[in-house]
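I opened this notebook to keep track of what I looked up in one structure, one topic at a time. The entries follow the order in which I worked.

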Amino acid sequence: MSSPGEPVVLLNGQQAGADALRVLAQSNYGHFTSLQVRDGAVQGLDMHLDRLRQGNAELFDAGLDAAAVVGWMRQAALARGGDCSMRVTLFSRRFDHRQPLRPVAVDVLVAASAPLVPAAAPLRLQTRCFVRPVPQLKHVGTFPLSHHRRQALKAGFDDALFVDGEGPGAAVSEGSFWNIGFWDGDQVVWPQAPALRGTSERLLQQGLAQAGIAQVVRPVARAGLGDFLAAFATNANGVQPVASIDRIGYAAAAQDAVLALLADAGGRVPWEPL
């Protein structure tokens, strides 16, 4: 078992060396999934594996040895004592951008670090014009996400919310590293737009359906943001309330109400042993 502050990084089940990390540092061709592990169990394991299968098929024309990947995830989680934040990255040390069609073996890097405590402070968001490239994949090309988040922070906000253009008709898609949902008093509204559909978003949708809470996927324009009572961000680290978007604020009482609904929905999704 590793020490409490020491991350576990495995390459194909073995301790990762500098070579693998060098390749990832020099290339942005790969894909990944992120999740939380508690007592050796995770939520939505099949969703994470499906995401990795899709990424392998699109980036490498390759299948996924799910049993091996889950085994390495279990190995890393056990080394961290069963509780951790985990990222599973698939890439290839043999990929050559000059010969991108050449078949290559796919490497699996599993990184397990200290579990994260979900952030509770409401977010103040700035809308920024950006559409994620290849939005159906959780790929490692995250430079623009960090760049826009940094620009929002420099402007005095907490994070960036992406829209697809300028003006009031621009459509909302997602946040920098998270999905967004809205509450109109009767139902949860998920923006319909090109975006990475997160596993946490899908798990909440599943839990809300089980709880009988109405929800809909539809376009959300910048001009319509003031029509909602509350908004929230969700990713592998949990759910975080949204205090404001640009100059539009949301009341704390409505935030508390929707967070209670989401906590109930999230609690309905079972944890599966690795």
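The entries below cover the sheet, the nonpolar cores, the salt bridges and two single residues.

**Entry 1: the model**

I noted before anything else that this is a predicted model, and I kept that in mind for each entry that follows.

**Entry 2: the sheet**

I began with the strands and asked in what order they lie in the open sheet of five strands. The order I found is β2-β1-β6-β5-β3, and the pairing is antiparallel. The edges of this sheet are formed by β2 (14-15) and β3, each of which pairs on one side only.

I then went through the pairings of β6, beginning with β5, to which β6 is joined by seven bridges in the antiparallel sense. Along this pair I located Ser 85 opposite Ser 113 of β6, and I also found Phe 91 standing opposite Asp 107 of β6. Turning to β1, I counted four bridges between β1 and β6, again antiparallel, and I wrote down Leu 109 in β6 as the bridge partner of Leu 11. As background, I reminded myself that strands of a sheet pair through backbone hydrogen bonds, either parallel or antiparallel.

Is β6 enclosed by the rest of the structure or open? I found β6 to be largely enclosed, because five of its seven residues are buried.

I also checked what packs on the sheet and found helix α2, which touches β3 and β5. The direction of α2 makes about 170° with that of β3.

**Entry 3: the nonpolar cores**

I next asked which residues of the largest nonpolar core touch the most other members. This core has 23 residues, and the ones I listed are Val 37, Val 69, Met 73, Met 86, Val 88 and Leu 274. At least two core residues come from each of β1 (8-11), β3 (31-37), α2 (45-60), α3 (66-79), β5 (84-91) and β6 (107-113). The largest share is that of α3, which supplies six residues.

I took Val 69 as an example and, leaving aside neighbours within four places in sequence, found Val 69 in contact with Leu 49, Leu 52, Leu 64, Val 88 and Val 108. There is also a second, separate core of 18 residues, and I noted Leu 123, Val 189, Ala 233 and Tyr 250 among its members. For context I added that, in soluble globular proteins, nonpolar side chains tend to be buried together.

**Entry 4: the salt bridges**

How many salt bridges does a search of the whole structure find? The search gave eight, and I followed up three of these pairs below.

In one of them the side chains of Arg 98 and Asp 96 meet, with 2.9 Å from N to O. I checked both partners for exposure: Arg 98 counts as exposed at 65% relative accessibility, whereas Asp 96 counts as buried at 14%.

Another salt bridge joins Asp 158 to Arg 124, with the closest N and O atoms 3.0 Å apart. This pair links distant parts of the chain, since Asp 158 is in the loop between α4 and β8 (159-163) and Arg 124 is in strand β7, 34 residues apart. I recorded Arg 124 as partly exposed, with a relative accessible area of 36%.

The third pair I followed is Glu 174 with Arg 132, whose side chains meet in a salt bridge of 2.9 Å, N to O. Here too distant parts of the chain are linked, with Glu 174 in strand β9 (residues 172-175) and Arg 132 in the loop between β7 and α4, 42 residues apart. Both Glu 174 and Arg 132 are buried.

**Entry 5: Arg 132 and Ala 253**

I returned to Arg 132, which I placed in the loop between β7 (123-129) and α4 (143-154). Is Arg 132 buried or exposed? Its relative accessible area is 9%, and because buried means under 20%, I entered Arg 132 as buried. Not counting residues up to four places away in sequence, Arg 132 touches Leu 145, Glu 174, Ser 176 and Leu 196.

Lastly I looked up Ala 253, which lies in helix α6 (residues 252-267) and is exposed, with a relative accessible area of 59%. From C-alpha to C-alpha, Ala 253 and Ala 230 are 9.0 Å apart in space, and they are 23 residues apart in sequence.

Note on methods
Residues numbered from 1 in each chain as written. Predicted model: local features only at pLDDT ≥ 70, side-chain atom pairs only at ≥ 80, totals over all residues. Heavy atoms only, no water. Buried < 20%, exposed > 50% of the residue type's maximum accessible area, 1.4 Å probe, protein only. Contact = heavy atoms within 4.5 Å. Salt bridge = Lys/Arg side-chain N within 4 Å of Asp/Glu carboxyl O. Core = buried A, V, L, I, M, F, W, Y, C linked by side-chain atoms within 4.5 Å. Pairing = 2+ DSSP bridges. Axes fitted to C-alpha atoms, helices over the stretch in contact; angles between N-to-C directions.
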